Amino acid sequence: MRKFFIMIIMLFVLLAGCKSTLQSNKVKVAFWHGLSGPLGDTLNEMIREFNRTHKDIEVIANPISSYTALSQKLMASIQAKKQPDIAQVFESWTSKYIEAGVLCNFEDLMKADSTWTMQSLEDIYPVFLKSNTFNDTIYSFPFNKSVRAYFYNKDAFYRAGLDPNHFPATWDEFRSYCRKLTTDKNNDGKPETYGTNFNVNEWQFINLLYQAGGTILDEEGKPQLNSPQAIEALTFTTDLLNKDKTVYLVREFEGQNDFLAGIAAMYEGSSVSITHMRQQPINFNIGYAPLPVYRTNKSAVSGTNIVIFKSGDKKREQAAWEFIKWFTDTEQTARWSAETCYMPVRKSAMQSPVLQNFLKEYPQFQGIYDQLETAIFEPQISAWFKARMELKNYLEKAMRGISTPQEALDEMNAKFQAIIREEKYLKSL
């Protein structure tokens, strides 16, 4: 009997050793990202599926609490030469990493991949391809990209005598709708319901700036945040807030909560906002719409891309590319979009059964997807990353009536110029 137990124990030890040997043959890919909640849940499930279907690769996700924390942790890891294999990044971060020489060149990986074709590249939306190209070289790949969108209370539209299937298509029409949807039943000067609410949002301003015909930088790279078009864009916002008083100012997710509570009839957010809103009960018929337009129908995409850090281990770098290629293929990017409302990376995804079924259920989302055809991207320079964080403070001054739009944007433009000069000086040292 004793010999029998000894043999059983030896067998377990042998099997464990075999299992360990098998596991050690897997190429492990460390992935740092900043997604949580329902978005993080979908990402984790897709990573598990990739690992199940790719027996020689294991992607190990490491969620970071916020994009700011992710940026700080990535910089620290680069300095310590212990960066992950792949990570979410914004374009302005990528610029720094290229200068540091720590990123893999995607074009080299594509050329070495017999399954990758020119048609694969041409299938990616141009705005995503251009925003991930630096000095004519692709250093990053689109990952979780979104556009701005409007969500609206169809029941409130109906009660106000408005067509519940039509969302205002222009700035002027939007302003008119805000007036019609703002109600003060007891005439005490404090409306019970409003057209919409705004938080101080740089992305919203950037869209208005481009719709007015402006730009962040001119062709020579000079800041244009106080151009006549920029002043017009910010004035449109401040007039709704402070003159018409059909819009009120909120903090962060207060606007979304007030929309769900029926206080605001319209709500502007990211296309993925609905994914968060669906976690709560919605007691009215909800509509979806692209942004109202003005001189142009341009809108800015936002969100992160994904990069591969150099490791010196070609197997890990190749495995990282296999995951990115899989995650952004037609089938997976369609699934990612349908489940999260992030934008699909590929044009072919719009014809996939997954997104066709999604659009049958939510046909108004087609207009939101269509914004990709005329979308633009923000400057890739690292100076813009710093300036963008400063922009919020100056927008808030104007929106709260502390400064005029002209005063606020004159100050912001000067700040942006100073940041660019400082970066040029530091590079020259």
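**Exercise 1. State how many salt bridges the structure holds, and place the pair Glu232–Arg295 in the fold.**

Solution. The structure holds 23 salt bridges. The model is a predicted one.

Step 1. Glu232 and Arg295 form one of these salt bridges, with 2.8 Å between the closest N and O atoms. The cut-off for such a pair is 4 Å.

Step 2. Glu232 belongs to helix α11 (residues 228-244), while Arg295 sits in the loop between β11 (286-289) and β12 (299-300), so the salt bridge ties together parts that are 63 residues apart in sequence.

Step 3. Relative accessibility of Glu232 is 26%. Buried means under 20% and exposed means over 50%, so Glu232 counts as partly exposed.

**Exercise 2. Compare the surroundings of two salt bridges, Glu396–Arg400 and Lys397–Glu411.**

Solution.

Step 1. In the pair Glu396 and Arg400, the side chains meet at 2.8 Å, N to O. Glu396 has a relative accessible area of 16% and is therefore buried. Arg400, with 42%, is partly exposed.

Step 2. In the pair Lys397 and Glu411, the closest N and O atoms are 3.4 Å apart. Lys397 lies in helix α18 (residues 382-399) and Glu411 in helix α19 (residues 405-428), so this pair ties together parts that are 14 residues apart in sequence.

Step 3. Lys397 is partly exposed at 30% relative accessibility, and Glu411 is partly exposed with a relative accessible area of 36%.

**Exercise 3. Which residues are linked with Arg48 in a network of salt bridges?**

Solution. Arg48 is linked with Glu45 and Arg52 in such a network.

**Exercise 4. Describe how α11 packs against α19, then decide whether Asp239 of α11 is buried or exposed.**

Solution.

Step 1. A packed pair of helices is described by the angle between the axes and the distance between them. The axes of α11 and α19 come within 9 Å and cross at roughly 130°.

Step 2. Angles over 145 degrees count as roughly antiparallel and those from 65 to 115 as roughly perpendicular. The crossing angle therefore makes α11 oblique to α19.

Step 3. The crossing of α11 past α19 is right-handed. On the α11 side the contact is made by Ala230, Ile231, Leu234, Thr235 and Thr238, and on the α19 side by Pro405, Gln406 and Leu409.

Step 4. Asp239 is also found in α11. At 14% relative accessibility, Asp239 counts as buried. Leaving aside residues up to four places away in sequence, Asp239 touches Arg175, Asp244 and Lys245.

**Exercise 5. Work out the strand order of the five-stranded open sheet, and locate the helix α4 relative to the strands.**

Solution.

Step 1. The order is β2-β1-β3-β13-β6, and the pairing is mixed. The edge strands, each pairing on one side only, are β2 (57-63) and β6 (141-146). Neighbouring strands of the sheet are turned by 20° against each other on average, direction ignored.

Step 2. Strand β1 (residues 27-33) runs parallel to β2, and seven bridges join the two. Within this pairing, Phe31 has Ala61 of β2 as its bridge partner.

Step 3. Helix α4 (residues 91-100) lies across β3 (86-89), β6 and β13 (302-308). The angle of α4 to β3 is about 130°.

Terms used. Residues numbered from 1 in each chain as written. Predicted model: local features only at pLDDT ≥ 70, side-chain atom pairs only at ≥ 80, totals over all residues. Heavy atoms only, no water. Pairing = 2+ DSSP bridges. Helix = DSSP H or I, 4+ residues; strand = E, 2+ residues; numbered from the N terminus. Axes fitted to C-alpha atoms, helices over the stretch in contact; angles between N-to-C directions. Contact = heavy atoms within 4.5 Å. Buried < 20%, exposed > 50% of the residue type's maximum accessible area, 1.4 Å probe, protein only. Parallel < 35°, antiparallel > 145°, perpendicular 65-115°, else oblique. Left-handed = near helix turned anticlockwise from the far one by under 90°.
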